[in-house]
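Q: Please take a close look at the cysteines of this model, and then at the packing around them. I would like one connected account, with the cut-offs stated.

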Amino acid sequence: MRAAVTESVGSMVVRDRPEPGAPGAGEVVIHPEAIGICGSDYHFFAGELSEEAGGSQFPRVLGHEVGATIVAAGSDCRPELVPGQRVAVWPLQVCGHCYPCSVGRANNCENFRLVGIHTDGGMQELLSIGQDQLFPIDGPAAVAAMAEPVSIAVRAANRARISPGEHVVVLGAGPIGQCICLAARERGAEVLVIDLQESRLGLSQEMGAQTLVWTDAADSVAFARRWAGPSGPPVVIDATGASAAVSAMIEMVSHAGRAVQVGMSGDTITLRLGSLTEKELDLLGVCCCGTGEYAEAVALVERHAGIVGRMISHEFALEQAPEAIRFAMSNPTKVMKVVIRGE
């Protein structure tokens with residue numbers, strides 16, 4: 001079979017690899033039809049993945065945002081997992097015995113492994129995977145691959161405890177920011193999306209969000225507080241990982257509000273500690289999601305396949321995977337979501 005293999009920092013080649021064998025008990029062989037490329041793939045490819053995330057271990061087949069069809073299912077698999085069924089892949093594998101796992105937060109497992117990062121992922125023609133990581137889904141393969149980024153948005157909405165009618169600010173209108181906007185709007189929230197690029201804000205507007213082009217932190221904070229009312233927005237979610245945006249989040253969120261960090265980076269910020277104590281803020285981080293939230297994400301994708309599909313800006317064939325990841329990394333202002341087609 002053909003596979004796009006990242007062999008070293010900045011080097012990906014498409015070559016032949018042995019096909020997986022027949023699936024064992026509880027195992028399924030799938031054909032990845034669509035594989036999204038995300039920031040974690042960029043960091044892995046560039047050799048910048050943090051040690052906390054396991055570092056970049058080569059060689060590796062990337063791809064943790066996967067829409068696929070089942071080719072074969074082993075014994076003891078769930079009855080709905082039959083050949084031809086389209087599935088979305090939940091890429092997280094957990095240990096089950098660390099502290100987060102023991103308190104019901106296995107999504108934040110200390111010893112987690114992610115398909116496409118720690119084990120080979122979807123950028124290949126066939127992949128053997130455990131049945132617990134597959135969720136049947138209706139809709140196009142590329143939209144099915146978006147279930148993974150949508151699952152991060154569902155986790156963010158749950159961590160933020162978004163309620164109907166609340167004012168929610170989302171900083172960043174990339175794929176994760178757009179997914180958060182969708183999840184918040186579905187919960188009945190009023191949403192303001194802020195981004196540097198005006199061209200990205202049209203999709204948020206289609207979802208019913210107010211939008212603002214970021215010019216500087218002070219103007220964004222002032223606008224958000226006027227928009228939300230005298231107290232400011234009770235929920236602010238950063239989907240950028242940029243230090244200026246994170247600082248603005250802490251400044252604009254209301255007293256007793258929830259500031260939720262979703263965007264990842266290695267940046268450091270200077271934070272006045274009094275902002276946390278004077279406002280008595282809930283400062284919350286978001287990692288991956290659990291199985292229940294992934295099921296929520298699959299259902300959300302099925303309900304909003306049209307708008308989710310609009311987040312996909314570019315598609316490449318599997319044979320073009322090296323060009324695809326370089327294009328995505330080199331053109332951040334042009335790219336929303338790049339998808340590799342395995343068909």
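**Cysteines and core packing**

A: The sulfur of Cys 95 is 3.5 Å from the closest cysteine sulfur, that of Cys 109, which is too far for a bond, since a disulfide is taken as a pair of cysteine sulfur atoms within 2.5 Å. This is a predicted model, in which local features need pLDDT of at least 70 and side-chain atom pairs count only at pLDDT 80 or more, while totals for chains, interfaces and linings use all residues. Residues are numbered from 1 along each chain as its sequence is written, and side-chain values use heavy atoms, with hydrogens and water left out.

The structure holds 0 disulfides. Cys 38 is likewise in none, the nearest cysteine sulfur, that of Cys 288, being 10.0 Å away. With a relative accessible area of 25%, Cys 95 is partly exposed, whereas Cys 38, at 14% relative accessibility, counts as buried (buried means under 20% relative accessible area, exposed over 50%, partly exposed in between, with a 1.4 Å probe and protein chains only).

Turning to the packing, the largest nonpolar core (buried Ala, Val, Leu, Ile, Met, Phe, Trp, Tyr and Cys residues joined through side-chain atoms within 4.5 Å) has 93 residues, and Ile 30, Met 123, Ile 162, Ile 237 and Ile 340 have the most contacts inside it. Helix α4, residues 147-160, gives this core its largest share, 8 residues (helices are DSSP runs of H or I, at least four residues, numbered from the N terminus). Apart from this core lies another, of 18 residues, among them Ala 224, Ala 248, Val 253 and Leu 281.

Methods
Helix = DSSP H or I, 4+ residues; strand = E, 2+ residues; numbered from the N terminus.
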